[in-house]
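Reader: Hello! I'd love a close look at one part of this structure, with its surroundings explained step by step.

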Amino acid sequence: MAKTSLNNSVFSTQPSKEEGISKLPPEALAYVADFFKVLSEVSRLQIVCCLKSGSKNVTQIMEETGLGQANVSKHLKLLAQAGIVSRTQIGVSVYYEIANPFLFELCDLVCHSLLSQIQKQNQQIKQLKIRQS
């Protein structure tokens with residue numbers, strides 16, 4: 001996440017829904033960029049997807065994702081620092097869960113957008129092939 005501490009004044013001017021992100025100051029946009037950076041790694045996305053069904057400990061995450069212990073622990077630390085996952089200690093085990101389920105809505109929006117884009121590109125390729133025939 002951003003090196004500077006989060007400060008309420010960065011987000012004090014809340015834009016309306018119509019303006020959204022386009023009216024945020026650069027300081028606030030830095031936090032948004034950092035959030036997306038954390039999600040821009042395949043292993044972290046695997047862990048996020050694994051946690052969609054509920055909280056899990058490192059061993060369960062390793063089994064479901066096929067990632068090694070050191071790798072899972074490193075990525076969980078980054079996800080926790082970004083506020084994407086939260087951790088709860090129960091006895092000697094630590095369980096991780098998604099801190100805010102809006103993350104899945106965000107991922108679904110991105111996936112639907114990418115699927116639509118791919119379908120559109122495929123349609124354009126088909127039309128080009130028909131014209132070449």
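Which residues in helix 2 meet which residues in helix 3? Please take that contact as your starting point and walk me around helix 2 from there.

Author: Happy to! Please keep in mind throughout that this is a predicted model.

Let's begin with your contact. On the helix 2 side, the residues are Gln46, Ile47 and Cys50, and they meet Ile61, Glu64 and Thr65 of helix 3. By character, the residues of this contact split into 3 nonpolar, 2 polar and 1 charged. As for the geometry, the axes of helix 2 and helix 3 come within 10 Å and cross at roughly 110°. An angle from 65 to 115 degrees counts as roughly perpendicular, so helix 2 and helix 3 are roughly perpendicular to each other.

Now for helix 2 itself, which spans residues 42–50. Its buried residues are Ser43, Arg44, Ile47, Val48 and Cys50. These residues cover an arc of only 160° around the axis, which puts them on the same side of helix 2. A general point about helices helps here: an α-helix has 3.6 residues a turn, so residues three or four places apart point the same way. On the face turned away from the buried side, helix 2 carries the exposed residues Val42 and Cys49.

What does the buried side pack against? The partners of the buried residues are helix 1 (26–38), strand 1 (56–57), helix 3, helix 4, strand 3 (93–98) and helix 5 (102–132). For context, the chain has 5 helices and 3 strands, arranged along the sequence in the pattern α-α-β-α-α-β-β-α.

Helix 4 deserves a closer look among those partners. The axes of helix 2 and helix 4 come within 10 Å, with a crossing angle of roughly 80°. That makes helix 2 roughly perpendicular to helix 4 as well. Helix 2 contributes Ser43, Arg44, Ile47 and Val48 to the contact, while helix 4 contributes Asn71, Val72, His75, Leu76, Leu78 and Leu79. Here the division is 6 nonpolar, 3 polar and 1 charged. Notice that Ile47 appears in the contact with helix 3 and also in the one with helix 4.

These two partners also touch each other. Helix 3 (residues 58–65) and helix 4 (residues 69–81) have axes that come within 10 Å and cross at roughly 110°, and they are therefore roughly perpendicular to each other. The crossing of helix 3 past helix 4 is right-handed. In this contact, Val58, Ile61, Met62 and Thr65 of helix 3 meet Gln69, Val72, Ser73 and Leu76 of helix 4. The residues involved are 5 nonpolar and 3 polar, with no charged ones. Ile61 and Thr65 thus serve in the contact with helix 4 and in the one with helix 2 that you asked about.

Finally, a word on Cys49, one of the exposed residues of helix 2. Cys49 and Cys107 are 58 residues apart in sequence, and their C-alpha atoms are 9.7 Å apart in space. Cys107 lies in helix 5 and is partly exposed, with a relative accessible area of 23%.

Stepping back to the whole chain, buried residues make up 26% of its 133 residues. Of the contacts with a separation of 6 or more, 49% are between residues 24 or more positions apart.

Technical notes. Residues are numbered from 1 along each chain as its sequence is written. This is a predicted model: local features need pLDDT of at least 70, side-chain atom pairs count only at pLDDT 80 or more; totals for chains, interfaces and linings use all residues. Side-chain values use heavy atoms; hydrogens and water are left out. Axes are lines fitted to C-alpha atoms, for helices over the stretch in contact, and angles run from 0 to 180 degrees between N-to-C directions. Helices (H or I, at least four residues) and strands (E, at least two) are DSSP runs, numbered from the N terminus. Angles under 35 degrees count as roughly parallel, over 145 as roughly antiparallel, 65 to 115 as roughly perpendicular and the rest as oblique. A crossing is left-handed if the near helix is turned anticlockwise from the far one by less than a right angle, and right-handed if clockwise. Contact means heavy atoms within 4.5 Å. Ala, Val, Leu, Ile, Met, Phe, Trp, Tyr, Cys and Pro count as nonpolar, Asp, Glu, Lys and Arg as charged, and the others, Gly among them, as polar. Buried means under 20% relative accessible area, exposed over 50%, partly exposed in between (1.4 Å probe, protein chains only). The arc is that of the directions from the helix axis to the C-beta atoms.
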